[in-house]
Amino acid sequence: MDEEYDCIVLGTGLKECIISGMLSVSGKKVLHMDRNKYYGGESASITPLEDLFTKFGLPPPDESYGRTRDWNVDLIPKFLMANGQLVKLLIHTGVTRYLEFKSVEGSYVYKGTKIAKVPADEKEALTSDLMGMFEKRRFKNFLMFAQDYKDEDPSSWKGMPGFDPKNTTMSAVFAHFNLDKNTIDFTGHALALHRDDTYLSKPAGDSLKRIKLYSDSLARYGKSPYLYPLYGLGELPQGFARLSAIYGGTYMLDKPIDEIVFEGGKVIGVKSGEEIAKCKQVYCDPSYVQDKVKKIIIPQKQVNRNSDIYVSLVSYTHQVAAKGWFIAIVSTTVETDKPEAEIKAGLDLLGPIKQKFVTLSDIYKPDTDGTENNLFISESYDATSHFETTCLDVLSIYRRGTGDDFDFSKVTHNLGEEEV
Amino acid sequence: MASVKVPEQKVILCGEYGVGKTSLFRRFATNTFVTSTDRKSTLGLDHYEKVYMTDEHQGVKLQLWDTGGMERVASITSSYYKFAEAAILVFSLDSPDSFNILSQHLLDIVTYAENAKIFLCGNKYDLKNQIHVTDADMETFCEQCHNLISGTYKTSCKTGQGVEEMFIDISKQLGEANRSRKELDSLNKNSFKITPPEGEPEDSCIC
């Protein structure tokens, strides 16, 4: 490790692995290290099952759980949007060849007292009991508007006279199409995937694009807009790690990271034990630089929760559990000092729970963008149910670190070209 | 568009750093050999596919995967093993150490690719007077593995000796196994690979 590198990447979470892959592909000499002995950091899928129990300070699982190595338990609840940024990254980098996916069976909303399936296509929308007959027509008009919407193209706004992308709020758009409260709730949370209602008073462009992403994703593989990789989300960082390795990246796991070394306010290397690996840049997740990140505080509320509760359910059919078992993750953005009580409504929807693991994670953002000191820090994974913000962060970090957008044409994976 | 599971047979190379896995890969892919001194980096090498005819009508497409050098200082990702139909345990005939550690690699294979057929390959057979791993050693190893090993081979990537024969034999064995497993496979048809949608230009910007 006593060598000189262009970039050292710390942590093998998904963001760091994508960045590492992109840097290696771009011809940078990359050293990629992790303090854990497994790949994936926060976005790992823990296997075998006893490792998960150990992680949560529990005695080993009993025999009823089946073979413990059949389990791959995610630490964060997320799915891929079929037409989203991560799928595009997977395709353009060729990493998709390492993975197999399943389309998630369906998505449902629970409001008041009933569970309703989110319509997967027009036919389902027409037969859905979420809306009355006239509401369905209004909703259809709204969907067509969202489908056509483009930020820069006024001709795509003609469904709503007077529309102004900078000023028209989402609630004004809903009002124009005369949608009722139920439809608005359902559209904002189950289609646009907002976690609370603050979007209503913001300019409509973002929400309209989210709705378009949802319906484009639906058109891709059917049933639901969500994809999930066999063997768990932990397969994603591993795929990008392999990309980095075959383009020359060096991997070291189980390596204590003692210090990021600075000289004259700029990064010059990383110290592990007695060794120092020299480099021009360091990329890392917030856990490696606790003194250079700030914790995001969400204001606490006593009544009327603002944030949605997400329940995700995967099973042995996704190769993440032994036969017959299901893994549910109930998650939310914590708003009170009694976090477990906040997700009770979600827990109550599940069948009998054999073992519950409760975890709270802080959300960190970097203090600086890295362009001054050459230390580029990713943000913690947020509470969204998909990877869209994850990819935006990665692309932004890559741009800050290299001064360029990533050039996908550099990924060749082609033996013939390499051999000449 | 979703495409159903592809019929290729994924074959992975396992073993210590420096035993000749990438050399086997090169022989397989381009039938060439590069000596260590003018070996270029293996950048961008991922996997390579080749069809072997097992009889007049039946072919098997071997898809050989190299480690990408990840085993040098870290561990190989468990993903590498996933969906593998076969694994070749490679060691160097002149290095007892590379042979003795194979039980460790074997453990990884049965853990992460439990349905894979496993083959044993002693490489660097051309180093005639430095061979320190005997046929008897290899036999003992196979016995100790409770006959998990479906075939043993001795190869020289330098001369090419035994390499093609090994892959032909492996493809035969996989072809036979494949026929009997076709029905089982249909159970797992609803997973898929994602591929670029037709009509979308390859270089479209994702930003």
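Two strands count as paired if DSSP finds at least two bridges between them. Keep that in mind for chain B of this predicted model, where strand β4 (residues 86-92) and strand β5 (residues 117-123) are joined by seven bridges and run parallel. If you want a spot to look at in that pairing, go to Ile88(B), which stands opposite Phe119(B) in β5(B). Strands of a sheet pair through backbone hydrogen bonds, either parallel or antiparallel.

Now zoom out to the rest of chain B. The chain has five helices and six strands, and walking along the sequence you meet them as β-α-β-β-β-α-α-β-α-β-α. The order in space is another matter to look at: the six strands form an open sheet that reads β2-β3-β1-β4-β5-β6, with mixed pairing. At the edges you find β2 (47-53) and β6 (149-154) of chain B; each has a single partner strand, so one side of each has no neighbour in the sheet. Going from one strand to the next, the twist averages 25°.

Two helices are worth tracing over this sheet. Helix α1 (residues 21-30) of chain B lies across β1 (9-14), β2, β3 (59-65), β4 and β5 of chain B, and runs at about 50° to β2(B). Helix α4 (residues 135-144) of chain B lies across β4, β5 and β6 of chain B, at about 165° to β6(B).

Some totals for chain B help fill in the picture. It has 207 residues, of which 44% count as buried. Take the contacts with a separation of 6 or more, and 71% of them come from residues 24 or more positions apart. The accessible surface of chain B is about 10400 Å², and carbon and sulfur atoms hold 50% of it.

Over in chain A, β13 is a good strand to follow. Strand β1 (residues 4-10) of chain A pairs with β13(A) in the parallel sense over six bridges, and there Tyr5(A) sits opposite Cys279(A). Strand β12 (residues 266-272) of chain A pairs with β13(A) too, but in the antiparallel sense and over four bridges. In that pairing, Ser272(A) faces Glu275(A) in β13(A). β12(A) and β13(A) make a hairpin with two residues between them, and Gly273(A) in the turn has a positive phi of about 60°. There is also strand β18 (residues 375-377) of chain A, which pairs with β13(A) in the parallel sense over three bridges; here the bridge partner of Tyr283(A) is Phe376(A) in β18(A).

Glu275(A) turns up again once you look at charges. Side chains of opposite charge can pair when their charged atoms come close. Lys255(A) forms a salt bridge with Glu275(A), with the closest N and O atoms 3.5 Å apart. Lys255(A) lies in the loop between β10 (250-252) and β11 (259-263) of chain A and Glu275(A) lies in strand β13 (residues 275-284) of chain A, so this pair ties together parts that are 20 residues apart in sequence. With a relative accessible area of 18%, Lys255(A) is buried, while Glu275(A) is partly exposed at 26%.

How many salt bridges are there over all chains? The count comes to 30. One of them is between Arg242(A) and Asp46(B), whose side chains meet at 3.1 Å, N to O. Arg242(A) belongs to helix α9 (residues 235-246) of chain A and Asp46(B) to the loop between α1 and β2 of chain B, so the pair joins two chains. Are the two partners buried or exposed? Buried means under 20% relative accessible area; Arg242(A), at 3%, counts as buried, and Asp46(B), with 3%, is buried as well.

There is another salt bridge in chain A, where the side chains of Lys344(A) and Asp348(A) meet at 2.8 Å, N to O. Its Lys344(A) is partly exposed, with a relative accessible area of 48%. Elsewhere, salt bridges that share partners join Arg67(A), Arg69(A), Asp70(A) and Glu114(B) into one network.

Last stop, the surface of chain A. Tyr108(A), Tyr110(A), Ile115(A), Val311(A) and Leu349(A) make a nonpolar surface patch of about 490 Å². Of these, Tyr110(A) lies in strand β7 (residues 108-111) of chain A, and it counts as partly exposed at 42% relative accessibility.

Conventions. Residues are numbered from 1 along each chain as its sequence is written. Chains are lettered from A and ligands numbered from 1 in the order in which they are written. This is a predicted model: local features need pLDDT of at least 70, side-chain atom pairs count only at pLDDT 80 or more; totals for chains, interfaces and linings use all residues. Side-chain values use heavy atoms; hydrogens and water are left out. Axes are lines fitted to C-alpha atoms, for helices over the stretch in contact, and angles run from 0 to 180 degrees between N-to-C directions. Contact means heavy atoms within 4.5 Å. Patches are made of residues with over 30% relative accessible area and no salt bridge: like charges are joined within 9 Å, nonpolar side chains (Val, Leu, Ile, Met, Phe, Trp, Tyr) within 5 Å. Accessible areas come from the Shrake-Rupley method with a 1.4 Å probe; for residues, only the protein chains shown count as cover. A salt bridge is a side-chain nitrogen of Lys or Arg within 4 Å of a carboxyl oxygen of Asp or Glu. Buried means under 20% relative accessible area, exposed over 50%, partly exposed in between (1.4 Å probe, protein chains only).
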